[in-house]
Amino acid sequence: MNRRESAALINSLTAGVVPRIGLRHIAVGRQAEVNAFLQDLATVEAGGAAFRFVCGQYGSGKSFLLQMIRNNAMERSFVVMDADLSPERRLTGTKGQGLATYRELMQHLSTRVRPEGGALESILQKWIAGVQAETAEAEKLQPGDPALVDAVGRRIANVLSSLAEMAYGFAFSTVLDAYWRGLKTGDDRLKQAALRWLRGEYATKTDARRDLPVDSIIDDQNWYEFLKLFALFACKAGFQGLLVFLDEGVNLFKIANKQARDSNYEKVLTIFNDVMQGKARSIGVFMSGTPQCVYDERRGLFSYEALRSRLADHRFSAKGFTDYTGPVIRLNRLSNEEIYLLLERLCELHGAHYSYSCALGQEQLTAFMDAALARLGADQMLTPREVTRDFLGLLNILHQNPDASFEALLAAQKPEPETPPEDGGDDLFAEFDL
C-alpha cells in the first residue's frame with residue numbers, strides 16, 4: 001500500500017464516504033454479491049447487457065461495492081462512468097435533470113489509463129490509432145504514406161456506417177467523423193465542437209448546427225440512447241464494453257411530485273426492459289438505493305406496478321436463502337467474523353499510514369466488536385460505516401494520546417445503568433405520557 005492510497009482510505013473512511021482507490025486493502029465479505037457482478041461483467045464482455053439494483057441501509061456498503069466493481073472493471077478493460085443522483089441530477093425532468101446526469105457521467109468517464117475521469121478524448125484517439133494500425137497492416141502502407149490517410153478515412157466510414165443504423169446513430173457517427181476530420185486537418189475548433197457535442201454541452205440544435213453538420217443534440221429525453229451508442233463504439237475502440245454506475249437512487253424516491261417520480265421510474269423501466277429483452281448490447285447499468293426506495297409501495301419503485309412485477313422476489317424465495325441472479329441484490333449485515341477481519345485490516349491500514357505497529361490484539365478487537373454488537377438493534381442494523389468510523393476514531397485517539405488506555409476509552413462508551421428511585425422519590429416515568 002502506498003502513501004497516496006492509505007491517505008485516501010483514512011481520510012474517506014473517517015469522513016464516512018467511499019474512497020475511489022485502495023479499496024482492495026480493506027474489502028471483506030460480500031463474496032456472493034461480487035460473484036454475481038462478475039457474472040454480469042462476463043455477460044457484457046460477450047456482447048450482452050446487465051442491470052442490477054443494489055439495495056441496503058445507509059452505510060451498509062452499497063457505494064463501496066459499486067466502487068469496488070468499478071475499479072475491477074477498469075482493470076478488465078471496460079469503460080466506466082459513474083454519477084450520484086441528486087435533486088439536480090435525475091433520470092429525467094422538466095429542468096434538464098436527465099441531461100445533467102448524462103453530463104456528470106461523461107465527466108467521470110474512465111478507463112484503466114485514465115481512472116480519474118475525463119477519458120473521452122483518449123478513447124477517441126485510441127480508436128483512431130487502432131484503425132490506423134489495422135489499415136496500415138492490411139494495406140501494407142507506411143505511417144507517413146499519404147495514401148494511408150485516405151485508407152483510414154474509408155475504414156472509419158465503414159465502422160461508422162454500422163452505428164448509423166441505430167436510433168440517433170447517424171448524428172453520433174457524423175460527430176465522430178467530424179472529430180476525425182478535425183484531427184486529420186489540425187482543426188482544433190472542429191475537434192472541440194465534436195467533444196462538446198458528445199459531452200452534451202450544446203443547449204440548442206441551432207448552436208450545434210453552426211459548428212457541426214448535425215440536426216440533433218443530446219438532451220433530457222434521448223441521453224440514454226446515446227449511452228447505448230457509446231457502448232457499441234467503446235467495443236469498436238478495443239474495450240470490453242461500457243458500465244454505468246448510478247448511486248444514491250434514493251433521490252428518485254424523494255421526488256415529491258408523483259408525476260415527476262413516475263417519469264423517472266418509467267426511465268428505469270425502459271433501461272430494465274432494454275437490458276432484459278436483449279435490445280441493449282455491451283452495456284451494464286448498476287444502481288443503488290435503500291430498501292425503502294425499492295419496496296415502499298406508496299413512493300418507491302414498487303409503487304410503479306410495471307416495476308414491482310419485474311423486481312419482486314419469486315414465490316420460492318425463503319428467509320436464509322438468497323437468489324443472486326435476480327435484478328435486486330439486498331446487502332445483509334456483515335457476519336461477526338467479517339467485522340473482526342475488517343477491524344484487523346483497519347489496524348494494519350492505520351499503522352501503515354502513521355508508521356507504527358498497532359498494538360491491539362485479538363482480545364481488544366473482540367472487546368470492541370462485542371461493545372458494538374451490544375448496542376440496541378445492532379444484530380440487524382450495525383453497518384460497516386459505523387464500525388469503521390468509530391474504530392478509526394478510537395485508533396486516532398490512542399495514537400495521538402500515548403497515555404490513553406484502550407480499556408478506559410471503551411468502558412467510557414458503555415451506557416450507565418439506570419438507578420431506580422428511592423422510596424418516596426420521583427418515579428422514573430413520572431413525565432411519560434402514552
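Colleague: Which helix do R210 and D207 both lie in?
Modeller: Bear in mind that this is a predicted model. The side chains of R210 and D207 meet in a salt bridge, 3.2 Å from N to O. They sit three residues apart, about one turn of the helix, and the helix that holds both is α9 (residues 205-211).

Colleague: And R210 itself, is that one buried or exposed?
Modeller: Its partner D207 comes out at 25% relative accessibility, so D207 is partly exposed. R210 has a relative accessible area of 59%, and the cut-off for exposed is over 50%. That makes R210 exposed.

Colleague: How many salt bridges does a search of the whole structure find?
Modeller: Side chains of opposite charge can pair when their charged atoms come close. R210 with D207 is one such salt bridge, and R20, R70 and D82 are linked in a network of them. Searching the whole structure gives a total of 18.

Colleague: How many residues apart are E5 and R24?
Modeller: These two form a salt bridge, with the closest N and O atoms 3.1 Å apart. E5 belongs to helix α1 (residues 3-15), while R24 is in the loop between α1 and α2 (31-45). The pair therefore links distant parts of the chain, and the separation is 19 residues.

Colleague: Of E5 and R24, which counts as exposed?
Modeller: E5 has a relative accessible area of 10%, so E5 is buried. The other end of the bridge is at 56% relative accessibility. The exposed one is R24.

Colleague: What is the sequence separation of the parts that K191 and E121 tie together?
Modeller: K191 and E121 form a salt bridge, and the closest N and O atoms are 4.0 Å apart. K191 comes from helix α8 (residues 188-198) and E121 from helix α5 (residues 120-139), so two helices are tied together here. K191 is buried at 11% relative accessible area, whereas E121 is partly exposed at 27%. The parts they join are separated in sequence by 70 residues.

Colleague: On to the rings. Why is the pair of F37 and F286 edge-to-face?
Modeller: A pair of aromatic rings is described by the distance of the centres and the angle of the planes. For F37 and F286 the centres are 5.2 Å apart. Edge-to-face needs planes over 60 degrees apart, and this pair qualifies because its angle is 85 degrees.

Colleague: How far apart in sequence are the parts that F37 and F286 tie together?
Modeller: F37 is in helix α2, and F286 is in strand β4 (residues 283-289), so the pair joins a helix to a strand. F37 is buried with a relative accessible area of 0%, and F286 is buried at 0% too. The sequence separation is 249 residues.

Colleague: What kind of aromatic pair do F245 and F286 form?
Modeller: F245 lies in strand β3 (residues 242-247) and F286 in β4, so this pair ties together parts 41 residues apart in sequence. F245 is buried, and so is F286. Their centres are 5.4 Å apart and the planes make an angle of 50 degrees, so the pair falls between the limits of 30 and 60 degrees and is tilted.

Colleague: Which residue lies over the face of F239?
Modeller: There are charges over rings at F253 and F239. R299 lies over the face of F253, at 5.4 Å from the ring centre. At F239 the distance to the ring centre is 4.7 Å, and the residue is K126.

Colleague: What is the order of the five strands in the open sheet?
Modeller: The edge strands are β2 (79-84) and β5 (328-330), each pairing on one side only. Inside the sheet, seven bridges join β1 (residues 49-55) to β4, and C55 stands opposite G289 in β4. The pairing is parallel, and the order reads β2-β3-β4-β1-β5.

Colleague: Which helix lies across β2, β3 and β4?
Modeller: Helix α4 (residues 97-107) lies across β2 and β3, at about 135 degrees to β2. The helix that lies across β2, β3 and β4 covers residues 223-236 and runs at about 140 degrees to β3. That one is α10.

Terms used:
Residues numbered from 1 in each chain as written. Predicted model: local features only at pLDDT ≥ 70, side-chain atom pairs only at ≥ 80, totals over all residues. Heavy atoms only, no water. Helix = DSSP H or I, 4+ residues; strand = E, 2+ residues; numbered from the N terminus. Buried < 20%, exposed > 50% of the residue type's maximum accessible area, 1.4 Å probe, protein only. Phe/Tyr/Trp six-rings, centres within 6.5 Å; stacked < 30°, edge-to-face > 60°. Lys NZ or Arg CZ within 6 Å of the ring centre and 35° of its normal. Pairing = 2+ DSSP bridges. Contact = heavy atoms within 4.5 Å. Axes fitted to C-alpha atoms, helices over the stretch in contact; angles between N-to-C directions.
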